[in-house]
Amino acid sequence: MLEDDARQGNPGQRPAQLVHLRRAAPQDQDRLVWAYQTQVTAIYQYLYARVGNRPDAEDLTAQVFMKAIQGMRQDVSVAELRSWLYKVAQTTLADHWRQYYAEDLTELGEDVAPPPPSRENHEAVPRVEALLATLPDSYRRVLELRFLRGYSVRETAHELGLTETNVKVLQFRALNRAGRERKGN
Amino acid sequence: MEDDPEKLDQHVEDLLQDRRPERVPLPDQDALLARQTAAMLRSAKPGAGLPSQEFLQRMQRSVDGWVRARASESEPHPGFSRRSLILSGLSGIAAGLLAALGVEKLTQKPAPRPMDLVIKGDWKNVMALSAVPPDRPVRFTSGAVEGYLIREGDTVRALSAICTHMGCALNWSTLRTQFECPCHGATFELDGSASLEYEAKGLRRLPALRVRVQGGQVQVYSV
């Protein structure tokens with residue numbers, strides 16, 4: 001990375017010196033690139049679990065790293081960088097949701113409360129299981145079929161013996177109930 | 001423009017197809033919560049939520065560009081690491097190389113200030129000066145910054161509240177008058193330095209935050 005930079009700026013320099021320079025400065029620019037490489041998947045997953053689609057998750061991930069790289073000192077520890085990235089991800093998400101609904105969302109515990117910064121595992125599955133367990137059977141069933149098994153509305157209607165309109169109504173009620181459930185926790 | 005099953009299903013369909021849903025204003029918070037819940041459910045589907053190789057490659061190029069752009073700007077408060085890089089026997093390298101790396105100007109600067117965490121942001125109100133207790137640090141969150149305000153008469157200092165070891169949020173102990181980390185027990189003094197035992201283990205001091213008082217309001221430089 002650093003080598004490429006220097007080479008572009010100074011085509012006349014010999015690579016040997018540049019390698020030496022890279023060893024002499026393990027932090028700074030290299031640290032940012034390293035932080036990116038180690039954190040990008042975790043931040044992407046964190047954001048994907050909150051927006052639920054690839055284009056938004058990609059855009060928001062890019063925004064988070066752009067803000068972090070432009071706004072933060074380079075000589076902080078990796079742990080601080082990680083904490084910082086999650087904080088930036090949270091504020092970026094809050095801005096994102098404000099495009100849908102312009103009210104202050106700070107009461108929305110799960111999506112803006114600080115996550116434990118050292119836990120990088122994809123946490124969506126246990127969260128979803130816990131949430132589904134709080135719902136009545138018919139609500140849980142429609143959400144499982146639609147989201148976890150990827151059934152279309154038509155397939156879901158067939159499976160549950162309902163009309164397609166009824167499936168959409170059931171899905172609507174189930175998501176609203178689950179949303180209030182999450183907010184209450 | 002009340003929310004209804006059709007509108008919500010359109011949003012759900014977009015998520016299931018991994019498309020960007022239309023950004024339409026929503027009538028109420030329930031409608032927002034329903035969509036956020038749909039996002040969470042969507043991400044639990046097996047195989048969902050991993051970045052594509054193509055995206056990662058694109059991001060790597062962007063990151064390279066941002067880091068390079070940053071390196072070519074001169075920073076307002078140079079830190080230690082670049083200076084030590086320059087002082088460690090690299091003076092023989094052509095000045096052009098240093099310029100390419102954005103470090104040339106730093107060689108002429110005086111000793112660095114104490115570290116500031118945020119170098120590019122905005123001044124944001126945190127709380128009234130009168131609300132900052134005279135005898136103990138008080139926690140605040142401003143944008144992406146978690147910190148402590150420490151009152152000194154009519155002025156205020158601010159420190160990052162994030163442990164420099166593993167990134168946990170520090171607590172203030174009134175009893176022992178020190179910052180304490182709930183994760184591994186590291187402690188920091190009121191001035192931000194790691195307590196002697198931890199300093200000896202190589203723990204760095206807490207970065208300072210830029211802070212000022214305007215019209216009775218404490219403002220922190222934050223992002």
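Trainee: Quick one to start: in β4(B), which residue is the bridge partner of R151(B)?

Mentor: V156(B) is the bridge partner of R151(B) there. Before we go on, residues are numbered from 1 along each chain as its sequence is written, while chains are lettered from A and ligands numbered from 1 in the order in which they are written. This is a predicted model, where local features need pLDDT of at least 70, side-chain atom pairs count only at pLDDT 80 or more, and totals for chains, interfaces and linings use all residues; side-chain values use heavy atoms, leaving out hydrogens and water.

Trainee: Thanks! Over how many bridges do β3 and β4 of chain B pair?

Mentor: Six bridges, in the antiparallel sense, between β3 (residues 145–152) and β4 (residues 155–160) of chain B. Two strands pair if DSSP finds at least two bridges between them. Helices (H or I, at least four residues) and strands (E, at least two) are DSSP runs, numbered from the N terminus.

Trainee: And what is the strand order in the four-stranded open sheet of chain B?

Mentor: The order is β2-β3-β4-β8, with antiparallel pairing. At the edges you find β2 (138–142) and β8 (208–209) of chain B, each pairing on one side only.

Trainee: How do the side chains along β2(B) alternate?

Mentor: On one face you have V138(B), F140(B) and S142(B), which are buried. R139(B) and T141(B) point to the other face and are not buried. The cut-offs are under 20% relative accessible area for buried, over 50% for exposed, and partly exposed in between (1.4 Å probe, protein chains only).

Trainee: What stands opposite R139(B) in β3(B)?

Mentor: That's Y148(B). The β2(B) and β3(B) pairing is antiparallel and runs over five bridges. These two strands form a hairpin with two residues between them, and G143(B) in the turn has a positive phi of about 60°.

Trainee: Chain B also has an open sheet of three strands; what is its order?

Mentor: β1-β10-β9, again with antiparallel pairing. β1 (122–128) and β9 (211–214) of chain B are at the edges with a single partner strand each, so one side of each has no neighbour in the sheet. The twist averages 35° from one strand to the next.

Trainee: How many bridges join β1(B) and β10 of chain B?

Mentor: Six, in the antiparallel sense, with β10 covering residues 217–222. Within that pairing, M127(B) stands opposite V218(B) in β10(B).

Trainee: Changing topic to helices: at what angle do α10 of chain A and α2 of chain B cross?

Mentor: They cross at roughly 90°, and the axes come within 8 Å; α10 is residues 164–184 of chain A and α2 is residues 29–43 of chain B. That makes α10(A) roughly perpendicular to α2(B). Axes are lines fitted to C-alpha atoms, for helices over the stretch in contact, with angles from 0 to 180 degrees between N-to-C directions. Under 35 degrees counts as roughly parallel, over 145 as roughly antiparallel, 65 to 115 as roughly perpendicular and the rest as oblique.

Trainee: Which residues in α10(A) meet α2(B)?

Mentor: Among them are L175(A), N176(A), G179(A) and R180(A), and on the α2(B) side the list includes D30(B), A34(B), T37(B) and L41(B). The residues of this contact divide into eight nonpolar, five polar and four charged. Here Ala, Val, Leu, Ile, Met, Phe, Trp, Tyr, Cys and Pro count as nonpolar, Asp, Glu, Lys and Arg as charged, and the others, Gly among them, as polar.

Trainee: Is L175(A) buried or exposed?

Mentor: Buried, with a relative accessible area of 0%. Leaving aside neighbours within four places in sequence, L175(A) is in contact (heavy atoms within 4.5 Å) with L143(A) and F147(A), and across in chain B with L8(B), V12(B), A34(B), T37(B), A38(B) and L41(B).

Trainee: And what does N176(A) touch?

Mentor: L8(B), D30(B), A31(B) and A34(B), not counting residues up to four places away in sequence. N176(A) is buried too, with a relative accessible area of 9%.

Trainee: How do α8 of chain A and α10(A) cross?

Mentor: At roughly 105°, with axes that come within 9 Å; α8 spans residues 137–148 of chain A. So α8(A) is roughly perpendicular to α10(A). The contact includes Y139(A), L143(A) and F147(A) of α8(A) and L170(A), A174(A) and L175(A) of α10(A).

Trainee: Last one: how many helices and strands are there in chain B?

Mentor: Six helices and 10 strands. Of the 223 residues of chain B, 49% count as buried.
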